[in-house]
Amino acid sequence: MAKWLLFRKGQNLNMRHLAYILLIMLPILASAGNGLQTLIDNAVATGENHVVIPAGEHRLDDGLRLDGLTDFTLEGDAAVLVFTQWNDGGILATNCKGLVLRGFTIDFDPLPFTQATVESKNPETGEVFFDVHDGYPDLSPKLLTGRAHIFNPNTLDWKKGAPDIYANEAKAITPRKGVLTFYSDRRHVFDAIEQGDYIVLDFRHSRGIRIENSGDVRIEDVTIWTVPSIGVICRFMDGENYFNYRIERGPTPEGANVPRLFSTCADGFNYAYARTGPILENCDFSFMGDDAVNLHGIAFYVAKVKGNVVYLLRPYSVEGYASVIRPGDEVRSMDPESFDIKGTATVSEFAVDQADAKEFASIAKSVWKSYAVKPGRYTVYRLELEGPLTVKTGDFIDIPAISAPGYIIRENNFHNHRGCGMRIMSSDGLIENNRIENVKQAAIKLGHELAFFREAGWVRNIKIVGNTIISVSFDPKLQAKSSYAPGAISVFHRGASSEAPWPASKHHDIIIENNLIEETGGPAIFLNQSRDVVIRNNTILDTNLDSSPKCGVDYGLNASLPISINNSTEVLVD
């Protein structure tokens, strides 16, 4: 039976506390599924600021909610929190100051993925038949999206050189047998799958740990085995936020003969719309379904301009931008094709304004192309500027002050996962002494993702120093004609289309030095649309192992050299 302890920090457990614990435990012993939430709520109500969860497994039927807490610590004595709901599990912390999460492990049961062995292929029909591994979830509609991941059955790692898998159809023949179907346009993916390969089918929703509208947060000595989405996601942050945690594959399920192949179904860490960047130190992330780290800002769509008032559109319900956007913040307008910075101004006032929202319904879905955007859901924001700005309907606007500036990513180990090691769209950062190994795409990718994800922005003042990068960038799409970031370290730009004009704007003031880069599919270092860059004292070995002459030709790029430089000026290579 689950038990919990609570006390003020630095205070010994006495008889008063013991009596209190017994009193509150009596009504919840029969309902351990929500007992931890009840305990936290009672602790907060009585002024306690430190809850300790003893060792052992604690199964939770609902997610935990932490709201409006100040200087509060939730600590586990090597406890394992097992969430039993995919749609609303994990920890949601909002409006907290000085929150500490420490010393526990997060897992989900049932697992938010299943895994299988490829039993046969039919080249005539493009069908791949597979059998689910013993001990893993049955095939359900949530797992049959067509997204899959190929693993080497001998190494239990992503199959090197295999593409991401998006089947045209995914069906269950029985709960334990399924079929992926690839039409002619995706036969190159079909060809990459072999009989005997292992595959993972995953589900993305909910959270591991989500923190919003908070500051001075610390996550320490936490382990994540699996979550149905991003491991730790932070939005609308301020203050000094520190992260030191692990993501790894959890224990083999009961009745299974094959170990888990997956950890989180999406990024390990995703941090955005924040006035201060995070500090990530001594983390170890592996076997995620996407990037280890993603830092970015906001790209608002300009729906209407009336003098110094700009109406901005987002295809989501109301979000917390008003809590982080402040008078005096710099505003940049950007061309919708080249994403060139057209002009700058400063914020006078920012607020939600849904008065004329209906007039923008027809454009909301067309502007954001991500599959996560739901039709008919959007919010209009009113931005009043202190002075004139060169901007028109259809442009984009970003606000660098809320793009997580001033981050430190140091002494971490990111390895054996899909996506990028780090996808960085934020400025004023230090990326130092990390190890990035066996990652499908770039180890470190700097630049905006305005074309698809609408994630800002142009970056500046970044140091990439003393990192070890081994065996990265072997995803075959990095050698495609449409590739735009094929390097192990890539500073990149792409317009709305390959026909978009080249902008005058550039990423700038970047130092890349004293890194070891070894065994890469493309260049060790790839620059595009950059200026004032220093590249020096890097050790570069065995690069361009998968180089193709067609790499990047849609954008007129050259990626054939270990250090490939495109459309860039004032670059020092030493």
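**Group meeting: a walk through a predicted, strand-rich model**

Let me open with one pair of side chains: Glu-386 and Thr-346 make a polar contact of 2.9 Å through their side chains. By polar contact I mean a pair of N or O atoms within 3.5 Å; within protein, one must be able to donate a hydrogen and the other to accept it, and residues adjacent in sequence count only if both atoms are side-chain atoms.

Some ground rules, friends. This is a predicted model, where local features need pLDDT of at least 70, side-chain atom pairs count only at pLDDT 80 or more, and totals for chains, interfaces and linings use all residues. Residues are numbered from 1 along each chain as its sequence is written, and side-chain values use heavy atoms, with hydrogens and water left out.

Back to Glu-386. This residue sits in the loop between strand 27 (379–385) and strand 28; helices (H or I, at least four residues) and strands (E, at least two) are DSSP runs, numbered from the N terminus. Is Glu-386 buried or exposed? Glu-386 is exposed, at a relative accessible area of 52%. The cut-offs are under 20% relative accessible area for buried, over 50% for exposed, and partly exposed in between, with a 1.4 Å probe and protein chains only. Setting aside residues up to four places away in sequence, Glu-386 touches Asn-308, Gly-328, Thr-346, Val-347 and Ser-348, where contact means heavy atoms within 4.5 Å. From Glu-386 to Ile-91 there are 295 residues in sequence and 39 Å in space, C-alpha to C-alpha.

Strand 28 takes us to the barrel. Six strands close up in the order 23-24-27-26-25-28, with antiparallel pairing, and the twist from one strand to the next averages 45 degrees. Two strands pair if DSSP finds at least two bridges between them; for the twist, axes are lines fitted to C-alpha atoms, for helices over the stretch in contact, and angles run from 0 to 180 degrees between N-to-C directions. Strand 23 (residues 300–306) pairs with strand 28 in the antiparallel sense over two bridges. On strand 28, Phe-396 stands opposite Tyr-301.

Next, the open sheet. Seven strands run in the order 11-10-14-8-9-13-12, with antiparallel pairing. Why is one side of strand 11 and of strand 12 left without a neighbour in the sheet? Both stand at the edges, each with a single partner strand, so there is no neighbour on one side. Further in, strand 8 and strand 14 (residues 198–202) run antiparallel and are joined by five bridges, with Thr-114 opposite Leu-201 of strand 14.

Just before strand 11 comes a residue for the electrostatics fans. Asp-164 lies in the loop between strand 10 (147–151) and strand 11 (165–166), and at 14% relative accessibility this residue counts as buried. Its side chain makes a polar contact of 2.9 Å with that of Arg-418 and another, of 2.8 Å, with that of Lys-440. Beyond its neighbours within four places in sequence, Asp-164 is in contact with Val-189, Arg-418, Lys-440, Gln-441, Asp-475 and Lys-477.

Now the nonpolar cores, meaning sets of buried Ala, Val, Leu, Ile, Met, Phe, Trp, Tyr and Cys residues joined through side-chain atoms within 4.5 Å. The largest has 77 residues, and Tyr-245, Phe-269, Phe-285 and Val-293 touch the most other members. A second, separate core of 34 residues includes Leu-144, Val-200, Leu-201 and Leu-261.

A few backbone details to check on your screens. Cis peptide bonds join Asp-109 to Pro-110, with omega about 10 degrees, and Ala-456 to Gly-457, also with omega about 10 degrees. Pro-110 is in the loop between strand 7 (100–108) and strand 8 (113–122). Ala-404 is not a glycine but has a positive phi of about 60 degrees, and its relative accessible area of 0% makes it buried. Asn-544 also has a positive phi, near 55 degrees, and is buried at 14%.

To finish, the whole protein. There are four helices and 45 strands, and 59% of the 574 residues count as buried. The radius of gyration is 24 Å, which agrees with the value near 25 Å for a compact globule of 574 residues; that radius is taken over C-alpha atoms, and the globule rule is 2.2 Å times the number of residues to the power 0.38. Among contacts with a separation of 6 or more, 72% come from residues 24 or more positions apart. Thanks, everyone!
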